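Me: I am new to this structure and would like to go through its packing by question and answer. Please show it before we start.

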Amino acid sequence: MTARSIVLLAMLLNLAMTGPAAAHRLKLFVTVEGNTVSGYAFFIGGGRPQGVAVTIRDAANAVVHRGTTDDAGGFAWSAAPPGAYTVSVDTGDGHAVSEKISADRFAGPAAPSPAAAPAEAAPEQPLPQKAAAEKAADPAPAVVCAPPDPAALHREVETAVDRALARQLRPLIEAQAQAEGRLRFNDIMGGIGMIVGLAGAGMWAAARRRRTDTGTPP
Amino acid sequence: MAHIPDGVLSLPVIAAGGAGAAIGLALGLRALDEREIPKTAILAAVFFVASLVAVPVGPSSVHVLLGGLMGLVLGVRAFAAVFIGLVLQAVLFGFGGLSTLGVDTLNMALPGVVLASLARPLLLGASPARAGVVAAVVAALAVFGTAAGVSAALALSSSDYVPALKIILLTYLPLAAVEAVITGFVVSFLARVKPEILPVLQPPEIRP
């Protein structure tokens with residue numbers, strides 16, 4: 001077409017590239033700390049939906065929690081028994097997003113993982129030997145403090161590790177959620193290339209059709 | 001907003017939107033002769049890029065639609081341009097669902113096409129300034145046409161959406177103003193330097 005249109009297109013392209021690389025899509029960031037499901041919804045490129053509906057459903061698709069997002073688009077639900085949930089945010093104007101969280105994201109006393117069982121059983125075996133050795137060495141017990149219950153200790157350590165990991169991983173998961181929806185220059189250029197290719201194919205088809213219609217090359 | 005994701009609309013709405021968009025696309029492709037292809041492709045590319053850029057407005061976020069501009073410059077071929085732009089946005093960036101492509105195409109293309117053809121008597125032989133003013137009105141009304149289309153699609157799908165529709169109209173207000181300014185300037189510029197680009201400025205008989 002004309003050079004002016006191409007200049008116009010280039011100007012608009014330039015505007016799009018230098019402006020906020022923003023997009024029009026709602027995303028959801030969800031994290032689990034202890035038994036609290038929390039997170040926030042955000043529009044890629046800026047903005048958080050405020051006061052919109054948040055729904056949490058369990059694995060059987062029954063609604064277990066309804067709420068609204070706060071001023072920062074955030075929400076939290078702390079009464080979660082461990083399990084698989086789906087968190088959905090719907091702004092009501094055609095933006096909706098949902099995110100699944102699996103049961104193994106939960107931790108804490110309410111959910112002893114199967115892997116914890118052998119670990120708990122293991123320290124019990126040396127106990128009789130230890131007790132027998134103590135009895136033989138000294139009739140007066142030299143125990144200063146009671147040996148901690150291995151199961152309780154295990155739970156405590158697990159909870160502390162989970163909490164620390166959740167705290168450390170949160171920014172990473174957040175960054176990942178942001179990066180997933182970023183507009184990439186390559187994709188934009190690929191899309192424009194696709195349009196140019198389609199136009200070329202259309203013109204080729206039109207030229208062929210006209211040649212067969214008239215029988216003479218244009 | 002105008003990119004409705006999967007799983008929001010009900011099946012009848014999706015089917016009706018798909019049928020409407022298919023008719024529009026068929027008309028658009030029929031009108032797409034060799035001379036019109038580059039123009040359509042350039043506007044499809046502009047639409048593809050420009051509607052990726054969204055700005056937050058209140059509880060939602062908006063982006064330019066360019067429906068009025070496409071209707072004025074492309075006529076019924078706007079369907080083809082919008083459809084290609086939306087397919088690429090859905091596939092590359094996940095904006096809007098694939099199942100809602102028909103509804104989205106109809107919402108974004110139809111108001112501009114209809115309003116541009118209605119404005120034709122006002123634009124025939126108009127001065128560039130007047131053409132710009134008429135184009136601005138067409139663009140603003142096309143934005144509200146799109147808002148009405150989105151609202152109707154949502155309201156027909158589920159009555160849960162009805163309370164939020166007021167928000168949609170509010171967020172579209174600034175958008176309509178911005179689109180009116182952009183389209184007004186572009187059309188008055190084109191009418192001054194290259195009036196043959198705008199089919200709505202020409203009497204119908206000299207159009208191919």
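**Core and helix packing**

Me: Which residues of the largest nonpolar core touch the most other members?
Reply: The model is a predicted one. Its largest nonpolar core has 106 residues. Those that touch the most other members are B:Phe47, B:Met70, B:Ala81, B:Val82 and B:Val138.

Me: Which helix gives the most to this core?
Reply: The contribution that ranks highest is 14 residues, and it comes from chain B. The helix spans residues 128-157 and is α7.

Me: Why does this core lie between domain 1 and domain 2 of chain A?
Reply: In chain A, domain 1 covers 23-110 + 162-183 and domain 2 covers 186-218. The core lies between them because residues come to it from both domains.

Me: At what angle do α5(B) and α7(B) pack?
Reply: Helix α5 of chain B is made of residues 101-118. It passes α7(B) in a right-handed crossing. The axes are 8 Å apart, and the angle is about 145 degrees.

Me: How many charged residues has the contact of α5(B) with α7(B)?
Reply: Residues of α5(B) including B:Leu106 and B:Leu115 meet residues of α7(B), among them B:Val138 and B:Gly145. By class, this contact has eleven nonpolar and five polar residues, and the number of charged ones is zero: no charged residues.

Me: Is the crossing of α4(B) past α5(B) left-handed or right-handed?
Reply: Helix α4 of chain B holds residues 78-93, and its axis comes within 9 Å of that of α5(B). The two axes cross at roughly 145 degrees. The crossing is right-handed.

Conventions
Residues are numbered from 1 along each chain as its sequence is written. Chains are lettered from A and ligands numbered from 1 in the order in which they are written. This is a predicted model: local features need pLDDT of at least 70, side-chain atom pairs count only at pLDDT 80 or more; totals for chains, interfaces and linings use all residues. A nonpolar core is a set of buried Ala, Val, Leu, Ile, Met, Phe, Trp, Tyr and Cys residues joined through C-beta atoms within 7 Å. A residue is buried if 20 or more other C-beta atoms lie within 10 Å of its own, exposed if 12 or fewer, and partly exposed in between; C-beta atoms are placed from the backbone. Helices (H or I, at least four residues) and strands (E, at least two) are DSSP runs, numbered from the N terminus. Domain bounds come from an automatic or database domain assignment. Axes are lines fitted to C-alpha atoms, for helices over the stretch in contact, and angles run from 0 to 180 degrees between N-to-C directions. A crossing is left-handed if the near helix is turned anticlockwise from the far one by less than a right angle, and right-handed if clockwise. Two residues are in contact if their C-beta atoms, placed from the backbone, lie within 7 Å. Ala, Val, Leu, Ile, Met, Phe, Trp, Tyr, Cys and Pro count as nonpolar, Asp, Glu, Lys and Arg as charged, and the others, Gly among them, as polar.
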